[in-house]
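Student: Could you take me through the loops and strands in one part of this model, slowly? I'd also like to hear how the helices elsewhere pack.

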Amino acid sequence: MSTSVDEAPAATPSRLPAGPAALIGVLALAAALTVGHLAAAFLGFGASPYLAVGNAAVDLAPSWLKDFAISAFGTMDKPVLLAGMAVVMVLLAAVAGLISRRRPLPGQWFIAVFGVLGIVAVYTRPNLGQLSVIAPVLSLLTGVIVFRVLHNAALNALLDAPFEEGPRSVGRRRILFTGVAVGAFLTGGLGQWLGSRRDAEGSRAAVGPLVPAEPAPPSPADADFAKLGTPTFLTANADFYRIDTALVVPQVRAEDWSLRIHGMVEKEITYTYADIRNRPLVERVVTLCCVSNPVGGPYISTAKFLGVDLAGLLDEAGVRPGAQQLYSTSVDGFTAGTPISTVLDPGRGAMLAIGMNGEPLPVEHGFPARLVVPGLYGYVSATKWVTDLEVTTWDARQAYWIQRGWAQQAPIKTESRIDAPQGAVPAGKVRLAGIAWAQHTGIAKVEVQLDNGPWQQAMLSADVTEDAWRMWWAEFDAAPGGHKASVRATDRSGYTQTDQVADVVPDGATGWHTITFTAR
């Protein structure tokens with residue numbers, strides 16, 4: 001008896017459809033990363049494979065790429081990196097699924113290679129212990145196993161329902177894939193919740209008020225010209241610029257923190273947070289500036305920092321002859337090298353700071369403690385979340401940015417900026433206003449030029465301290481039309497900032513800040 005064509009059995013499918021195959025790769029990735037994140041909640045969030053790979057990318061990126069990221073995205077450079085990594089990972093996971101439509105092995109090898117990269121990224125982080133590799137190992141195993149399980153289950157569903165997109169096959173895939181997606185979401189959420197229980201914010205709140213034995217003098221009313229468009233003299237903590245290498249803000253509780261001083265010293269000393277807080281605290285107004293700040297850029301802010309003299313701590317340890325640098329290390333592995341002569345200079349006011357603008361340091365600005373050394377760019381002087389100070393020589397240690405081609409010595413350069421006007425203004429009397437800085441030298445005068453005319457000396461704000469910026473304003477007659485304004489500052493050493501334009505690498509940008517505006 002013959003069988004009609006209409007009754008012929010359907011061909012058994014030999015491979016998965018492209019969509020489900022790609023989704024298997026993405027779901028395996030999600031499961032792998034969330035399991036690793038959960039494990040990292042117990043081992044330290046730096047062990048999370050996703051974050052470890054991101055930190056490795058930050059460390060391995062060439063300086064020109066980091067400079068581009070800061071100039072293009074500013075303080076959003078890290079969220080952009082994390083988002084970019086997520087997009088790349090999803091695409092690669094989809095590729096892993098697509099090359100495995102017939103059998104799971106190619107995708108499993110693909111995932112395993114990237115799992116090994118995660119293990120290497122965690123193992124080579126200087127601030128993570130050897131047990132931290134447990135997180136990426138679990139991530140790798142999860143990714144490989146989930147990929148195989150999903151692949152086999154999806155293929156079996158097709159075998160049971162041979163029509164490639166038959167309702168039974170689609171329904172089984174949907175249930176299976178949804179279950180994995182929900183499981184990954186819950187696992188990642190649990191990891192985030194457990195990790196956040198290392199509550200740095202709660203520890204900060206428990207510190208209570210910090211009262212200086214030597215308070216900074218109150219800022220006079222004419223310390224800024226905010227009504228004319230300058231910043232306020234003191235920058236609110238929420239507005240203080242943040243540029244650092246930490247992909248996620250380190251979470252360190254005050255009760256867990258300690259500071260070790262060692263190296264070329266007479267005796268090694270370790271201080272707890274209570275040791276520092278119980279000492280007489282001094283408060284100083286200091287303007288900090290990032291070396292990545294372009295001419296006219298925003299990465300400069302001023303605050304009242306509260307802490308103890310760094311020189312006093314080093315004197316207690318006893319610095320040996322021949323020492324050249326103070327090599328500081330953050331809990332996230334960042335390092336900086338500060339000239340020891342600058343730190344020990346009694347007139348410099350270098351600090352181990354635990355407070356900022358009348359409250360404990362914000363977590364994103366270094367809680368429990370950070371370094372503040374007036375007059376030096378932050379990459380050699382302002383280590384946040386600092387936990388280790390080694391007195392050593394330049395040859396013995398090379399800090400993070402020095403290894404990447406930046407200058408060893410980094411005094412802040414005399415610079416100025418125009419903050420107002422912005423856009424169009426009424427014709428006639430026009431006031432220009434801005435800031436100038438020459439930390440630990442002081443600003444003597446500021447001059448402003450309109451449309452290549454003669455330089456006019458600006459009015460300066462009250463001089464609060466040579467370690468802080470000064471505000472200025474100047475008035476000009478501006479006819480209707482477009483105008484160009486430039487500014488230059490002269491510091492108390494007699495140096496007038498150069499008009500020669502230089503990039504931020506290797507030791508800070510130079511040039512006159514110039515703006516255009518329209519008078520109507």
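Tutor: We'll start with the whole chain, go through the loops and strands, and finish with the helices.

First, some ground rules: this is a predicted model, where local features need pLDDT of at least 70 and side-chain atom pairs count only at pLDDT 80 or more, while totals for chains, interfaces and linings use all residues. Residues are numbered from 1 along each chain as its sequence is written, and side-chain values use heavy atoms, with hydrogens and water left out.

The protein chain has 11 helices and 19 strands. These are DSSP runs, numbered from the N terminus: helices (H or I) need at least four residues and strands (E) at least two. Along the principal axes, the C-alpha atoms fill a box of roughly 110 × 70 × 40 Å. Of the 520 residues, 52% are buried. Buried means under 20% relative accessible area, exposed means over 50%, and partly exposed is in between, using a 1.4 Å probe and protein chains only.

Now for our part. Ile 412 sits in the loop between strand E10 (386–392) and strand E11 (415–420). Is Ile 412 buried or exposed? Its relative accessible area is 10%, so Ile 412 is buried. Setting aside neighbours within four places in sequence, Ile 412 is in contact with Cys 289, Gly 375, Leu 376, Tyr 377, Trp 437 and Gln 439. Contact here means heavy atoms within 4.5 Å.

Move on to the loop between E11 and strand E12 (424–425), and you'll find Pro 421. A cis peptide bond joins Ala 420 to Pro 421, with omega about 10 degrees. There's a cis bond between Val 505 and Pro 506 too, with omega about 5 degrees. Pro 506 belongs to the loop between strand E18 (481–491) and strand E19 (513–519).

Next, look at His 440, in the loop between strand E13 (428–437) and E14. Its phi is near 65 degrees, a positive value in a residue other than glycine. His 440 counts as buried, at 17% relative accessibility.

Strand E14 (residues 443–450) holds Leu 450, which counts as buried at 11% relative accessibility. Leaving out neighbours within four places, Leu 450 touches Phe 476, Asp 477, His 483, Lys 484, Ala 485 and Phe 517. Asp 451 lies in the loop between E14 and strand E15 (456–457). The phi of Asp 451 is also positive, near 55 degrees, but Asp 451 is partly exposed, with a relative accessible area of 35%.

What about cores? A nonpolar core is a set of buried Ala, Val, Leu, Ile, Met, Phe, Trp, Tyr and Cys residues joined through side-chain atoms within 4.5 Å. The largest one has 84 residues, and Phe 305, Leu 310, Leu 313, Leu 352 and Tyr 379 have the most contacts inside it. Beyond four places in sequence, the residues that Tyr 379 touches include Trp 401, Trp 406 and Pro 506. A second, separate core of 21 residues includes Val 430, Val 448, Ala 458 and Phe 476.

Finally, the helices. Helix H2 (residues 49–60) packs against helix H5 (residues 105–123) at an angle of about 70 degrees, with axes 8 Å apart. That makes H2 and H5 roughly perpendicular. Ala 52, Val 53 and Ala 56 of H2 meet Gly 118, Ala 121 and Val 122 of H5.

Helix H1 (residues 18–43) and helix H4 (residues 77–98) have axes that come within 7 Å and cross at roughly 130 degrees. H1 and H4 are therefore oblique to each other. For these labels, angles under 35 degrees are roughly parallel, over 145 roughly antiparallel, 65 to 115 roughly perpendicular and the rest oblique. The axes are lines fitted to C-alpha atoms over the stretch in contact, and angles run from 0 to 180 degrees between N-to-C directions. Residues making the H1–H4 contact include Gly 25 and Leu 29 of H1, along with Val 90 and Gly 97 of H4.
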